Amino acid sequence: MIKVLFLDIDGVLNTDRQHWHCQMNGITPVDEFGYEFDHKAVVNLATILEETDAEIVISSSWKFLGLQTLQKMWKDRNLPGTILDITPDGKSKGSEIDEWLMEREAQVIRYAIIDDENDMLTKQQKHFVQTNSQFGITCKDAERVITIIR
C-alpha cells in the first residue's frame, strides 16, 4: 500500500519568483533541464515527503521527457523523494490522474494532487491543493497536502 503525491512542476517547483531571480542576477541554467527549481518550494516538498512517506507521480507536462529522464534529473539535482511513475496522456490532468489511480486502486491508500492549475475532476477536489505560480509550494500548501495524505 502506498501514498502518492501527484506533482506538477511548472508553477509548483519551477516558479515565477525563481525565473525572475535568475534573470535579474544573470544566473544561467544549471543543466539541460534549465534553471534550478525554487529552493523554498523544494524545501516544502521535502517536508511533505518526510511527513507522509508519499511517493511522487509526475502529472506535469514535463512527463514528455519520460520516466527515466525525470528520475535521472531528480537524482542529479538531489531533489527530495522518489519518482514512482508518470501519469498517462489524456484530455486533462484530472482524467490522467483518474486513469492512473483506477489502474492501481488496490495499491494506493491515500493521495494528494498539487498543481498551479485546477483542471481536476469533481471527485478529486478534496485531494487537490492549488499553488500560486509566483511562489510554488508554500508552507501553508505543504501543511494542507500533509493533512490530505495523512
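Let me start with what covers the buried residues of helix 2: the cover includes strand 1, residues 2-7, and strand 2, residues 55-58. It also includes helix 3, residues 67-76, and helix 5, residues 139-149. Keep in mind that this is a predicted model.

Which residues of helix 2 are buried? They are Ala41, Val42, Asn44, Leu45, Ala46, Ile48, Leu49 and Thr52. As background, residues three or four places apart in an α-helix point the same way, because there are 3.6 residues a turn.

Now the helix itself. Helix 2 runs from residue 39 to residue 52, which is 14 residues. From its first C-alpha to its last it reaches 20 Å, close to the 20 Å expected at 1.5 Å a residue.

Next, the two ends. At the N-terminal end, Asp38 acts as the cap of helix 2. One of the side-chain oxygens of Asp38 is 3.0 Å from the backbone nitrogen of Lys40. At the other end, Asp53 comes just after helix 2 and has a positive phi of about 60 degrees.

Let me move to the aromatic residues. How many aromatic pairs does the structure hold? There are 3. I will go through two that involve Phe6.

In one of them, the ring centres of Phe6 and Trp100 are 5.4 Å apart and the planes stand at 85 degrees, so this pair is edge-to-face. Phe6 belongs to strand 1 and Trp100 to helix 4, residues 93-103, so to speak of sequence, they are 94 residues apart. Are these two residues buried or exposed? Phe6 is buried, with a relative accessible area of 0%. Trp100 has 1% relative accessibility and therefore counts as buried.

The other pair is Phe6 with Tyr111. Their ring centres lie 5.8 Å apart with the planes at 85 degrees, so this pair is edge-to-face too. It links distant parts of the chain, with Phe6 in strand 1 and Tyr111 in strand 4, residues 108-115, and their positions 105 residues apart in the numbering. Tyr111 counts as buried, at 13% relative accessibility.

Taken together, Phe6, Trp100 and Tyr111 form one aromatic cluster. Strand 1, which holds Phe6, is also part of the cover over helix 2.

One last item, on a charge and a ring. Arg77 lies over the face of Phe37, 4.7 Å from the ring centre.

Key:
Residues numbered from 1 in each chain as written. Predicted model: local features only at pLDDT ≥ 70, side-chain atom pairs only at ≥ 80, totals over all residues. Heavy atoms only, no water. Helix = DSSP H or I, 4+ residues; strand = E, 2+ residues; numbered from the N terminus. Expected span 1.5 Å × (residues − 1). Buried < 20%, exposed > 50% of the residue type's maximum accessible area, 1.4 Å probe, protein only. Contact = heavy atoms within 4.5 Å. Polar contact = N/O pair within 3.5 Å; in protein donor to acceptor, adjacent residues only side chain to side chain. Phe/Tyr/Trp six-rings, centres within 6.5 Å; stacked < 30°, edge-to-face > 60°. Lys NZ or Arg CZ within 6 Å of the ring centre and 35° of its normal.
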